[in-house]
Amino acid sequence: MSYANDVLVDTEWVAAHLDDDSIRIVEVDENPALYAEAHIPGAIGFDWRADLQDQTRRDFLGPDEFGELLGSRGISNDHTVVLYGDRNNWFAAYTYWYLRYYGHDKVKLVNGPRERWIGEGRETSTETPDYAPETFTATRGDDSIRARQPEVLESLEKETRLVDVRSPQEYSGELIAMPGYEQEGAQRAGHIPGAASVPWAKAVDEDGTFKAADELEELYRDNGVIGQKGEPIIAYCRIGERSAHTWFVLHELLGLEDVKNYDGSWTEWGNLVGVPVEKDV
């Protein structure tokens, strides 16, 4: 069983296309400081917090601001964007989803994180590329792949499948947030009622590459995420980046049509008044 869509490239493919001007390689790390230490030659670095998020409200950039950001870094609508990063591509997958949300279909994800490129002894650089400004026009956001809180609340009365991709300790309510991320926590611990627990990292092998398609389908079907009637799926985590990784697996690799990322995630849900929460502790 092969992947449903041609959305992955391997490191050998990237190495062979370093001088291809139709491509823009972009690194997006959970730890933005890594980009300055070493990156793929010619890669553009995005700081997920400083560049990709609105600085006055908890949301990502609007279409005009997003287009201005990409254009200022030398990315146009004609470029194929190739994404990679640390943490087995947490924020690379998030940026992939972000690009798709704003209508850019020419986008690929490297099958494996930045550590794979470096571990293979491939060429790296510390220089920031200076591409000429381009024009990037973002379309209106595609809400068929993004869920907001009211829709998630309404889904509790429907056949929608919810998947919580955080750690088992976060899901159970033992922890509100991962150790070291307490500043991104919530007032309450637990999970959205009825959500299945399938930690995002179960989708990748030890080297950070994605598991085979049949293994992925078995994983999500056995855990009640994939239903028999093509029920809608909503993935969530803490702030939306790990769930974007799972969205990528379900929507892009397995080809399931009705899959959304709830990027408000637990940081929003766990702080709301009046919404239900389940705990296993």
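## Overview

A helix here is a DSSP run of H or I with at least four residues, numbered from the N terminus. By that count, the protein chain has 10 helices and nine strands. One of these helices is H10, which covers residues 265-269 and holds Ser265. The model is a predicted one.

The radius of gyration of the protein chain is 18 Å. A compact globule with 281 residues would have a value near 19 Å, so the two agree. Along the principal axes, the C-alpha atoms fill a box of roughly 50 × 45 × 35 Å.

## Burial, contacts and charge

Of the 281 residues in the protein chain, 54% are buried. The accessible surface comes to about 12500 Å², and carbon and sulfur atoms account for 45% of that area.

Contacts between residues at least 6 apart in sequence were also sorted by separation: 77% of them join residues at least 24 apart. The protein chain carries 27 positive and 54 negative charges, and the mean positions of the two sets lie 5 Å apart.

## The five-stranded sheet

Five strands form an open sheet with parallel pairing, in the order S1-S5-S4-S2-S3. Strand S1 (8-9) and strand S3 (44-47) stand at the edges. Each of these two has a single partner strand, so one side of each is left without a neighbour in the sheet.

The partner of S3 in this order is strand S2 (residues 23-29), and four bridges join the two, which run parallel. Within that pair, Val28 has Phe46 of S3 as its bridge partner.

Helix H3 (residues 63-72) has several buried residues: Phe66, Gly67, Leu69, Leu70 and Gly71. The buried residues of H3 pack against S3 and against H4. After H3 comes Gly74, with a positive phi near 90°.

## The four-stranded sheet

A further open sheet is formed by four strands in the order S7-S6-S8-S9, again with parallel pairing. Its edges are S7 and strand S9 (259-261); each has a single partner strand, so one side of each is left without a neighbour in the sheet.

Strand S6 (residues 161-164) is joined to strand S8 (residues 233-236) by four bridges, and the two run parallel. In S8, Ile233 is the bridge partner of Arg161, and Ile234 is the bridge partner of Leu162. S6 also pairs with strand S7 (residues 196-197) in the parallel sense, over two bridges. On that side, Asp164 stands opposite Ser197 in S7.

## Two buried helix residues

Ser155 belongs to helix H6 (residues 149-155). Its relative accessibility is 5%, so Ser155 counts as buried, the cut-off being under 20%. Not counting residues up to four places away in sequence, Ser155 touches Thr160, Leu162 and Ile234. Two of these contacts, Leu162 and Ile234, are bridge partners of each other across S6 and S8.

Val249 lies in helix H9 (residues 241-253) and is buried, with a relative accessible area of 0%. Leaving aside neighbours within four places in sequence, Val249 is in contact with Ala203, Phe210, Leu216, Tyr220 and Leu254. The C-alpha atoms of Val249 and Lys211 are 9.6 Å apart in space, and the two residues are 38 apart in sequence.

## Positive phi outside glycine

Most residues other than glycine have a negative phi. Arg87 is not a glycine, yet has a positive phi of about 55°. Arg87 sits in the loop between strand S4 (80-84) and helix H4 (90-101). With a relative accessible area of 37%, Arg87 is partly exposed, because this class spans the values between 20% and 50%.

Ser265 likewise has a positive phi, about 50°, although it is not a glycine. Unlike the loop position of Arg87, the place of Ser265 is in helix H10. Ser265 has 0% relative accessibility and therefore counts as buried.

Technical notes
Residues numbered from 1 in each chain as written. Predicted model: local features only at pLDDT ≥ 70, side-chain atom pairs only at ≥ 80, totals over all residues. Heavy atoms only, no water. Rg over C-alpha atoms; globule rule 2.2 N^0.38 Å. Buried < 20%, exposed > 50% of the residue type's maximum accessible area, 1.4 Å probe, protein only. Contact = heavy atoms within 4.5 Å. Areas by Shrake-Rupley, 256 points an atom, 1.4 Å probe, with all protein chains shown as cover. Lys, Arg positive; Asp, Glu negative; His and termini not counted. Charge placed at Lys NZ, Arg CZ, Asp CG, Glu CD. Pairing = 2+ DSSP bridges.
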